[in-house]
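Student: Before we look at the model, could we go through some of the labels attached to it, and set each one against the rule behind it?
Tutor: Gladly; here is the structure.

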Amino acid sequence: VWKLSLRLDESRGEVVYQAQFTPPVTGVAPVYVPFLAFRLVRGPVEIPGAPKISNVSAIFQIGFTCSQFVIDSQMSQLENFRNGSFQLDIAEIGAYSDSGKWSAFEEQAVRAPVALTDAE
């Protein structure tokens, strides 16, 4: 599963805000990840009762991860995950404000990323 991570301070610990997202299979297309989708996690495990991000101007660092674990209250593995090389092409990163994107995000299916061949 692809995850976008946000760190709100200079710490290097494993506690960050994360949201799962699904990039387009081919080509370049916008992917919207609403701030409401981010959950505070320790590793792949969601911290219960943690507050949502309330101050987006406090974002210190962003990162992208391809993981075999979905964000959950326990350490849940993604079915059909294969180890290998993965590639995420990023054309642009930005922020937006549109509450209508949340419902579209909820409908995205979580699926295993496709591993690249050795030639790729």
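Student: Why is S76 called buried in this predicted model?
Tutor: The relative accessibility of S76 is 14%, and the label applies under 20%, so S76 counts as buried. The residue is found in strand β7, which covers residues 76–77.

Student: What makes the pairing of S76 with the side chain of D72 a polar contact?
Tutor: The two side chains are joined at 2.7 Å, and the cut-off for such a pair of N or O atoms is within 3.5 Å, so the pair qualifies as a polar contact. Leaving aside neighbours within four places in sequence, S76 is in contact with Q68, F69 and V70.

Student: Why is F64 called partly exposed?
Tutor: F64 has 35% relative accessibility, and since buried means under 20% and exposed means over 50%, this value falls in between and F64 counts as partly exposed. F64 is found in strand β5, residues 61–66.

Student: What makes F64 eligible for a nonpolar patch on the surface, and which residues form that patch?
Tutor: Patch members need over 30% relative accessible area, a condition that F64 meets at 35%. The patch is formed by I62, F64, I90 and I93, which together have about 350 Å² of accessible area.

Student: How do you know that R7 has no salt bridge?
Tutor: The nearest side chain of opposite charge is that of D9, 5.1 Å away, whereas a salt bridge requires a side-chain nitrogen of Lys or Arg within 4 Å of a carboxyl oxygen of Asp or Glu; the distance to D9 therefore does not satisfy the criterion. R7 is nevertheless buried, and its place is in strand β1, residues 2–7.

Student: What does the side chain of R7 reach instead, and what else is R7 in contact with?
Tutor: The side chain of R7 reaches the backbone oxygen of G13 at 3.0 Å, a distance that lies within the 3.5 Å cut-off for a polar contact. Leaving aside neighbours within four places in sequence, the contacts of R7 include R12, V15 and V16, as well as A58, I59, F60 and Q61.

Student: How many helices and strands surround these examples, and in what pattern?
Tutor: The protein has one helix and seven strands, and along the sequence they follow the pattern β-β-β-β-β-β-β-α. Of its 120 residues, 28% are buried.

Key. Residues are numbered from 1 along each chain as its sequence is written. This is a predicted model: local features need pLDDT of at least 70, side-chain atom pairs count only at pLDDT 80 or more; totals for chains, interfaces and linings use all residues. Side-chain values use heavy atoms; hydrogens and water are left out. Helices (H or I, at least four residues) and strands (E, at least two) are DSSP runs, numbered from the N terminus. Buried means under 20% relative accessible area, exposed over 50%, partly exposed in between (1.4 Å probe, protein chains only). Lys and Arg count as positive and Asp and Glu as negative; His and the chain ends are not counted. A polar contact is a pair of N or O atoms within 3.5 Å; within protein, one must be able to donate a hydrogen and the other to accept it, and residues adjacent in sequence count only if both atoms are side-chain atoms. Contact means heavy atoms within 4.5 Å. Patches are made of residues with over 30% relative accessible area and no salt bridge: like charges are joined within 9 Å, nonpolar side chains (Val, Leu, Ile, Met, Phe, Trp, Tyr) within 5 Å. Accessible areas come from the Shrake-Rupley method with a 1.4 Å probe; for residues, only the protein chains shown count as cover.
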